[in-house]
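Subject: Structure handover

Hello,

Here is the structure you asked to take over. Please open it first and keep it beside you while reading the notes underneath.

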Amino acid sequence: MILSIESSCDDSSIAITEIATKKVLYHKKISQEAEHSCYGGVVPELASRLHAVALPEILAETKPYFDTLKAVAVTNQPGLGVTLLEGIAMAKTLASLLKIPLIPVHHLKGHIYSLFIEKETQFPLLVLLISGGHTQIIRVESFEHMEILATSMDDSVGESFDKCAKMMGLGYPGGPLIEQLALKGDEDRFDLPVPLRNSPLIAFSLSGLKNAVRLVVEKLGGASEMSEQDKADLSASFQKAVKRHLLQKSKKVFAKEPIKDFAIVGGASANKYLRNAYENLCKEFHKTLHVAPLQYCSDNAAMIGRYALDAYAKKDFIDPEEIDIVSTKKQQAGMLL
Ligand code: KG4
Ligand code: ZN
């Protein structure tokens with residue numbers, strides 16, 4: 001068995017994955033959404049303290065598996081430094097005490113491996129990763145070879161949903177709230193700009209669209225003055241502009257990349273409106289669309305465990321004294337996959 005730990009943001013999660021069958025035998029996640037909701041986003045210090053309580057609580061349930069553990073895997077980058085350290089401290093301790101190897105896992109590679117948890121998917125793959133921290137299109141040739149083809153210049157998809165939801169006073173996380181409200185809205189009521197529409201750049205940018213949403217909120221007198229219908233219409237119009245932006249840039253990549261299999265992963269890949277749009281795009285370009293089961297779209301330790309299975313086979317281990325974090329800030333400074 002491999003025990004895997006995820007604590008890169010606001011979800012404390014541990015999984016046990018069986019090496020021989022690749023099956024997830026145990027998986028638990030404690031989310032902190034309720035605790036962060038009133039702040040409209042994740043407060044790192046609070047998140048760190050909540051991990052310090054939740055992780056040992058979950059670990060206690062995995063004790064029956066301790067004798068069978070062959071390795072411990074942990075997300076060590078990218079993410080919030082103070083929360084990554086909580087998972088790493090636990091993983092280092094377990095690896096040292098049980099005298100088993102430690103596997104460092106790149107969180108984004110974990111998201112890619114969410115596709116493999118319940119079915120065997122084949123490389124090569126083109127992957128759109130849309131999470132709270134990233135928007136990227138990645139060409140995944142193999143476990144070792146992954147290349148970023150397009151990335152975000154500012155706010156990620158998930159972040160833009162969260163910030164727009166905050167502006168409308170909806171709560172956190174914004175993605176599911178905006179998706180639900182949009183179902184009751186008119187997506188053509190507000191003419192919001194599609195980012196980089198006339199730019200040849202194959203990149204993503206959502207801060208301009210976010211500011212356009214802010215201007216509409218201000219024009220309508222602020223969140224407190226907006227009716228439920230105003231919020232639903234603005235949610236739908238915003239979601240439509242995000243979709244058009246993602247599709248436009250994805251089409252440019254599709255035109256260049258012959259790879260037939262395309263996948264969407266990350267928290268925002270749970271969005272059905274976006275999934276539907278990509279289903280149609282894939283039909284148009286004769287590609288096969290892959291998505292992870294809904295429970296494995298947002299952060300979870302099962303995807304970290306699934307990646308760790310391949311890392312274990314390749315003996316991709318690290319000395320517990322050597323493991324370190326690469327925080328989101330360092331990542332944004334240029335340290336990519
Ligand atoms: O992958 P994830 O759990 O964490 C990171 O690695 O960042 O993604 C969390 C993000 C949040 O910003 C959340 O608002 C967004 O995913 N999200 C969604 C939906 N569900 C979660 N965004 C759009 N539509 C959704 N249904
Ligand atoms: Zn994530």
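The notes below go from the whole chain to the metal site, then to some local details.

**Overall picture**

Please keep in mind that this is a predicted model. The protein chain has ten strands and eleven helices. Its radius of gyration is 20 Å, close to the 20 Å that the globule rule gives for 337 residues, so the chain is as compact as a globular protein of that length. Along the principal axes, the C-alpha atoms fill a box of roughly 60 × 45 × 35 Å.

Of the 337 residues in the protein chain, 54% are buried. The accessible surface of the chain comes to about 14,500 Å², and carbon and sulfur atoms account for 53% of that area. Among contacts with a separation of 6 or more, 74% join residues that are 24 or more positions apart.

**The zinc site**

Which residues hold the zinc ion (ligand 2) as protein donors? They are His107 and His111, each through NE2, and Asp299 through OD, lying 2.0 Å from the ion. Along the chain these donors follow the spacing H-x3-H-x187-D. His111 belongs to helix α4 (residues 107-113), while Asp299 sits in the loop between β10 (288-291) and α10 (301-313), so this pair ties together parts that are 188 residues apart in sequence. His111 and Asp299 are both buried.

The site has four donor atoms, with angles of 95 to 134° among them, and is tetrahedral. For comparison, the ideal angle for four tetrahedral donors is 109.5 degrees.

**Aromatic pairs**

There are eleven aromatic pairs in the count. One of them is formed by Tyr113 and Tyr307: the ring centres are 5.2 Å apart and the planes stand at 90°, so this pair is edge-to-face. Tyr113 lies in helix α4 and Tyr307 in helix α10, so the two rings tie together parts that are 194 residues apart in sequence. Both Tyr113 and Tyr307 are buried. They also belong to one aromatic cluster, together with Phe116, Phe123 and Phe143.

**Helix α5 and the loop after it**

Is helix α5 mostly enclosed or mostly open? Eight of its eleven residues are buried, so α5 is largely enclosed by the rest of the structure. The buried residues are Val157, Gly158, Ser160, Phe161, Asp162, Cys164, Ala165 and Met167. The cover over them includes the strands β6 and β7 (135-140), as well as the helices α6, α7 (207-219) and α8 (228-256).

After α5 comes Gly169, which has a positive phi near 70°. Gly171 lies in the loop between α5 (157-167) and α6 (174-182). With a relative accessibility of 17%, Gly171 counts as buried. Leaving aside neighbours within four places in sequence, Gly171 is in contact with Ser37, Ala165 and Leu177. The C-alpha atom of Gly171 is also 6.8 Å from that of Cys38, although the two residues are 133 apart along the chain.

**Backbone details to look at**

Most residues other than glycine have a negative phi, and most peptide bonds are trans. The following places depart from that pattern.

- Gln77 to Pro78: this peptide bond is cis, with omega near -20°. Pro78 is in the loop between β4 (71-77) and α3 (81-98).
- Phe123 to Pro124: this peptide bond is also cis, with omega near 0°. Pro124 is found in the loop between α4 and β6 (125-130).
- Lys22: phi is positive, about 65°, although the residue is not a glycine. Lys22 lies in the loop between β2 (11-17) and β3 (24-31), and at 34% relative accessibility it counts as partly exposed.
- Lys99: phi is near 55°, again a positive value in a residue other than glycine. Lys99 lies in the loop between α3 and β5 (102-106), and at 74% relative accessibility it counts as exposed.

If you want one place to begin, display the zinc ion (ligand 2) with His107, His111 and Asp299. Then turn to Tyr113 and Tyr307, the edge-to-face pair described above.

Regards

How values were computed:
Residues are numbered from 1 along each chain as its sequence is written. Chains are lettered from A and ligands numbered from 1 in the order in which they are written. This is a predicted model: local features need pLDDT of at least 70, side-chain atom pairs count only at pLDDT 80 or more; totals for chains, interfaces and linings use all residues. Side-chain values use heavy atoms; hydrogens and water are left out. Donors are N, O and S atoms within 2.8 Å of the metal (3.2 Å for Na, K and Ca); water is not among the atoms, so sites may look incomplete. Four donors count as tetrahedral if all angles lie between 85 and 135 degrees; four count as square planar and six as octahedral if opposite donors are over 155 degrees apart and all others between 65 and 115; anything else is irregular. Helices (H or I, at least four residues) and strands (E, at least two) are DSSP runs, numbered from the N terminus. Buried means under 20% relative accessible area, exposed over 50%, partly exposed in between (1.4 Å probe, protein chains only). The radius of gyration is taken over C-alpha atoms; the globule rule is 2.2 Å times the number of residues to the power 0.38. Contact means heavy atoms within 4.5 Å. Accessible areas come from the Shrake-Rupley method with a 1.4 Å probe; for residues, only the protein chains shown count as cover. Rings of Phe, Tyr and Trp (its six-membered ring) pair if their centres lie within 6.5 Å; planes under 30 degrees apart count as stacked, over 60 as edge-to-face and the rest as tilted.
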